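Work through the exercises below with the sequence and the structure side by side, and try each task before reading its solution.

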Amino acid sequence: LIGSFYMLFSVAMFGVALSAIADIPLSRRRDKMETKVTKQFGDSLSIVELQNIIRTANDDPRDDSCSKEEFVISMLVKLDKVKPDQIKSLQDTFDSIDVDKSGTLSLSDVTETEEMLLSQDD
């Protein structure tokens, strides 16, 4: 009985150890990619690089600028930390909570959203 428990436990621990060892090359590759992407621009951006970031960050093709937030989001997408559909979902959530459509969230926005949701439940 003790032997069978020991065998089961040993097999499980071997699987965990093997998984951790297999993850080492993937982790190193991911770290190298992150370093490459974050150091790619150095201290300045070329026009082409900035255009690529703006294209990634903006829905409006006429907009030729990029905010700090748009830059960060573009880098997160490029680093594969977030997916574009996740960003879109979060933007939609923000828009639904931003009742006054000011582009910022306030306590009144959240309160109004809660009241609307509670009234829908009744």
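The exercises that follow deal with a pocket, with charged side chains and with a few single residues.

The model is predicted, so local features need pLDDT of at least 70 and side-chain atom pairs count only at pLDDT 80 or more, while totals for chains, interfaces and linings use all residues. Residues are numbered from 1 along each chain as its sequence is written, and side-chain values use heavy atoms, with hydrogens and water left out.

**Exercise 1. The largest pocket**

Task: Describe the volume and the lining of the largest pocket.

Solution: Begin with the term: on a 1 Å grid over the protein atoms alone, a pocket is an open set of points where a 1.4 Å probe fits, with protein on both sides within 12 Å along at least five of seven lines, and lining residues have an atom within 4 Å of a point. A volume is the space filled by probe spheres set on the points, which are joined across faces, edges and corners. The volume of the largest pocket is about 370 Å³. Of its 13 lining residues, T56, A57, I73, I87 and Q91 are the closest to the centre.

Next, look at the helices, which are DSSP runs of H or I with at least four residues, numbered from the N terminus. At least two lining residues come from each of α2 (47-57), α3 (68-78) and α4 (84-97), and α3 gives the most, with five residues.

Finally, sort the lining by class, where Ala, Val, Leu, Ile, Met, Phe, Trp, Tyr, Cys and Pro count as nonpolar, Asp, Glu, Lys and Arg as charged, and the others, Gly among them, as polar. The result is five nonpolar, four polar and four charged residues.

**Exercise 2. Charged pairs**

Task: Find the partners in the two salt bridges of the structure.

Solution: Recall that side chains of opposite charge can pair when their charged atoms come close. A salt bridge here is a side-chain nitrogen of Lys or Arg within 4 Å of a carboxyl oxygen of Asp or Glu. One pair is D80 with K83, whose closest N and O atoms are 2.6 Å apart. K83 is partly exposed at 38% relative accessibility, a label for values between buried (under 20% relative accessible area) and exposed (over 50%), found with a 1.4 Å probe on protein chains only.

The side chains of D92 and K88 also form a salt bridge, at 3.0 Å from N to O. These two residues are about one helical turn apart because they are separated by four residues in helix α4. Both ends are partly exposed, D92 with a relative accessible area of 36% and K88 at 48%.

**Exercise 3. A charge without a partner**

Task: Which side chain of opposite charge is nearest to D109, and how far away is it?

Solution: First place D109 in helix α5 (residues 107-121). With Lys and Arg counted as positive and Asp and Glu as negative, and with His and the chain ends not counted, the nearest opposite charge is K101, 8.2 Å away, and D109 is buried without a salt bridge. Then list its contacts (heavy atoms within 4.5 Å): leaving out residues up to four places away in sequence, D109 touches I97, D98, V99, D100 and T104.

K101 itself is in the loop between α4 and α5, and K101 is exposed, with a relative accessible area of 60%. Its phi is near 55°, a positive value in a residue other than glycine. Most residues other than glycine have a negative phi.
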